[in-house]
Amino acid sequence: QTDTTPPASVNNLSAGSPTTTSITLSWTAPGDDGSTGTASSYDVRYSTSTITSANWASAAQVSGEPAPQVAGSSQSMTVSGLNSSTKYYFAMNTSDEAGNISGLSNIANATTLSGNQPPVLTTIGSKTVQEGDTLTFVVNASDPNNDPLTYSATGLPSGVTFASQTFSWAP
């Protein structure tokens with residue numbers, strides 16, 4: 001008997017965890033026949049304008065979609081190579097082994113971060129100092145722009161000076 005039942009449409013596609021060049025998509029896997037079984041492939045697309053069935057073909061196609069998992073499984077992927085400070089819309093459809101294609105998913109959207117995000121400090125400390133002390137600073141930080149990290153000391157006692165230091169690191 002010929003398989004004429006398409007996979008169910010994804011109805012909980014979400015977009016989040018933006019960086020300056022990527023956004024992570026999450027959804028629940030539909031089935032092969034409606035909401036049961038395991039589909040064969042996903043087609044994920046994005047655009048800077050809302051995606052509809054009418055403009056689906058002109059939306060940019062993502063590569064590297066994960067293989068569908070059994071219906072009901074949580075799935076995700078990161079879409080990279082995006083422009084900073086840009087709102088993107090995402091949609092997807094699902095195919096089964098017989099070539100049946102689901103309807104268009106719900107539309108998710110997110111905005112990539114600007115290229116001027118401040119570093120996020122993950123370790124910070126303090127120490128009481130007196131004349132003659134030598135201080136060593138250990139700073140752990142992540143910077144979405146890969147900009148140099150600078151630090152400064154405030155509230156130093158009278159007569160104590162501080163020279164700024166610039167750090168660089170590889171991503």
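**Strands, a salt bridge and two cores**

In this predicted model, the salt-bridge count for the structure comes to one. The pair involved is R45 and D43, whose side chains meet with nitrogen and oxygen 3.0 Å apart. In general, side chains of opposite charge can pair when their charged atoms come close. So are these two residues buried or exposed? R45 has a relative accessible area of 12%, which is under the 20% cut-off, so R45 is buried. D43 is at 14%, so D43 counts as buried too.

Zooming out, the protein chain is built from eleven strands and zero helices. Read from start to end, that gives the pattern β-β-β-β-β-β-β-β-β-β-β. Of the 171 residues in the protein chain, 29% are buried. The chain exposes about 10,100 Å², and carbon and sulfur atoms supply 47% of that area. Among contacts with a separation of 6 or more, 63% link residues that sit 24 or more positions apart.

Strand β3, which covers residues 41–47, is a handy place to look next. Five of its seven residues are buried, so this strand is mostly covered. Which strands does β3 pair with? One partner is β6 (residues 87–95), joined to β3 in the antiparallel sense over seven bridges. Within that pairing, S41 has S95 of β6 as its bridge partner. Another partner is β4 (residues 60–61), which also runs antiparallel to β3 and is joined to it by two bridges. Here Y46 stands opposite A60 of β4.

Strand β5 (residues 74–79) is home to Q75. With a relative accessibility of 8%, Q75 falls under the 20% cut-off and therefore counts as buried. What does the side chain of Q75 reach? It makes a polar contact with the side chain of Y42 at 2.5 Å, and it also comes to 3.0 Å from the backbone nitrogen of Q69. Leaving aside residues up to four places away in sequence, Q75 touches L25, S26, W27, A29, Y42, P66, A67, P68 and Q69.

Now for the nonpolar parts. The largest nonpolar core holds 17 residues, and the members that touch the most others are L13, I23, L25, W27, V44, F90 and M92. Several strands feed this core: β2 (23–28), β3, β5, β6 and β7 (108–111) each supply at least two residues. There is also a second, separate core of five residues, including I51, A59, Y89 and A91. Back in the largest core, W27 has quite a list of neighbours. Not counting residues up to four places away in sequence, W27 touches V10, N12, L13, Y42, P66, S73, S74, Q75, S76, M77 and M92. Y42 thus turns up in the contact lists of both W27 and Q75.

Finally, a look at a loop. T20 lies in the stretch between β1 (14–16) and β2. Is T20 buried or exposed? At 13% relative accessibility, T20 is under the 20% cut-off, so this loop residue counts as buried. T20 and T112 are 92 residues apart in sequence, yet their C-alpha atoms are 5.2 Å apart in space.

Key:
Residues are numbered from 1 along each chain as its sequence is written. This is a predicted model: local features need pLDDT of at least 70, side-chain atom pairs count only at pLDDT 80 or more; totals for chains, interfaces and linings use all residues. Side-chain values use heavy atoms; hydrogens and water are left out. Buried means under 20% relative accessible area, exposed over 50%, partly exposed in between (1.4 Å probe, protein chains only). Helices (H or I, at least four residues) and strands (E, at least two) are DSSP runs, numbered from the N terminus. Two strands pair if DSSP finds at least two bridges between them. A polar contact is a pair of N or O atoms within 3.5 Å; within protein, one must be able to donate a hydrogen and the other to accept it, and residues adjacent in sequence count only if both atoms are side-chain atoms. Contact means heavy atoms within 4.5 Å. A salt bridge is a side-chain nitrogen of Lys or Arg within 4 Å of a carboxyl oxygen of Asp or Glu. A nonpolar core is a set of buried Ala, Val, Leu, Ile, Met, Phe, Trp, Tyr and Cys residues joined through side-chain atoms within 4.5 Å. Accessible areas come from the Shrake-Rupley method with a 1.4 Å probe; for residues, only the protein chains shown count as cover.
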